[in-house]
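Here are a few short exercises to work through with the model open in front of you. Try each task before reading its solution.

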Amino acid sequence: MDISTPALASIIVLVAIVLFSCFRDINVGILGTAGGLLVGMVFSGMKISEVYKGWPLSLFMILVGVTFMFSCAQVNGTMEKFSAVCVRLAKANVALIPIIMFLLTTFIVTIGPGNIAGTALLAPVAMAIAGRINLSPFCMTLLVVGAANGAAFSPFAPTGIISNGIIAGWAPQVGIPAEQLSSLAWKVHFNSEIAQGIVNFGGFFLTGGAAWMMRARKDKNFDIDTIAPKPGAFDWKQKYTLFTMVVLVVGVIFFHLDVGMLSFIIGTTYILLNVADDGEAVKKMPWGVIVMVCGMSILINVMDQAGGLNALIQMIAVVSNETTVTGVVGFISGLISAYSSSSGVVMPMFLNMVPGLLEAVGTVDADHAIRLASSINIGSHLVDTSPLSTLGALCIANAAVDDKAKGVLFRNLLFWGLSMSVVGGFVCYLAFGLLGL
């Protein structure tokens, strides 16, 4: 296979950035922008304005609007208080607490904060509760991180917004009309929920969760007030925040309003009514993720024009066919994501390959496109239970155990996370390749 100089240069730059990010905690968005400028202007003869067109302005605005709104909800204490109320629903049935934590994490991440912010909010609560009820921190981590990553592809959450934004860019190439994008966004979300739920609940039950639940049902010594103290009443600011969250969900689902536009409007009312400290909320926004995604989008756009993406597509197509391509990309995306950024590197790179991969294996249609996109999303996020990821690290940091036990937890989560690249590939091959779900 002949590869042009610009294509080869773009691939070398991408590989260098991925490898560099494996060994240093850096923002690859900055490197992606620099790499895009280098390849575009030096090797492809592009003007600087043409390179900058790769910055996904629409995606950037949606991410800013949504993340600001939910940062305000964290700053004014709404999310923390709401979480405490939900945990107390278990009452005397302590065995329900892990399931409640899974559902609570799923709900909170789905409505907007995203997997990183949701885990940062709930990991301290979940891991402290695990210590109080004598549940293995490994088991609790599987549920919290699994729920967060399963719900991450909600159309309201940053990761889902990134995925849906990229899909919308190539939807016409695979025969997806604009009016179907909303329903397909939910299908991608549900595919992720099901896969993460099956894998992580399976891991929970097999690694001691089932035995713990049987013991907890018989133990009458637990007191819900000790496990989750009763929070104070919601003030008017917190009630208004909850109301506007309902408005956001209803507006997007039933009235098909743009999530970014509606988030900006709601966020503006927060500022005008002094619902939350907007300066503090802006600081809590995931600017690192936003810069990563947008910066890497510049490089991926240059790669596409330079022929680098097509070269990578042909390499993957050599070892894939119509049935196995979902498993292959699920495995490769998981393997890279174990050491690099899922949403910042893996998703922008692989999701943009979907039309080309489908053409290479001879199945260019909407159904196969969504299956392949789901495989990339699931494969890249199943590995994020690893302590090398932000989510796994948050759970270890908040585990209610001593340093020696945290070392054991680190090793167990590292083994589990890395093994998920293989499991993710198999799950994607089975679900989307063989069964065609």
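**Exercise 1.** Decide whether H381 is buried or exposed, and find what its side chain reaches.

*Solution.* Start with accessibility: H381 has a relative accessible area of 2%, so it is buried (under 20%; exposed is over 50%, partly exposed in between, with a 1.4 Å probe and protein chains only). This is a predicted model, in which local features need pLDDT of at least 70, side-chain atom pairs count only at pLDDT 80 or more, and totals for chains, interfaces and linings use all residues. Residues are numbered from 1 along each chain as its sequence is written, and side-chain values use heavy atoms, leaving out hydrogens and water. Next, place H381 in helix α20. Its side chain reaches the backbone oxygen of N377 at 3.1 Å. Finally, beyond neighbours within four places in sequence, H381 has contacts (heavy atoms within 4.5 Å) that include N115, N149 and F153.

**Exercise 2.** Locate V383 and list what it is in contact with.

*Solution.* First, look in the loop between α20 (366–382) and α21 (390–398), where V383 sits. Then check its accessibility: at 1%, V383 counts as buried. Setting aside neighbours within four places in sequence, V383 is in contact with G334, S337, A338, G417, M420 and S421.

**Exercise 3.** Which residues touch the most other members of the largest nonpolar core?

*Solution.* A nonpolar core joins buried Ala, Val, Leu, Ile, Met, Phe, Trp, Tyr and Cys residues through side-chain atoms within 4.5 Å. Among the 141 residues of the largest one, the answer is I97, L248 and M353. Helix α15 (residues 287–306) gives this core its largest share, 12 residues.

Technical notes. Helices (H or I, at least four residues) and strands (E, at least two) are DSSP runs, numbered from the N terminus. A polar contact is a pair of N or O atoms within 3.5 Å; within protein, one must be able to donate a hydrogen and the other to accept it, and residues adjacent in sequence count only if both atoms are side-chain atoms.
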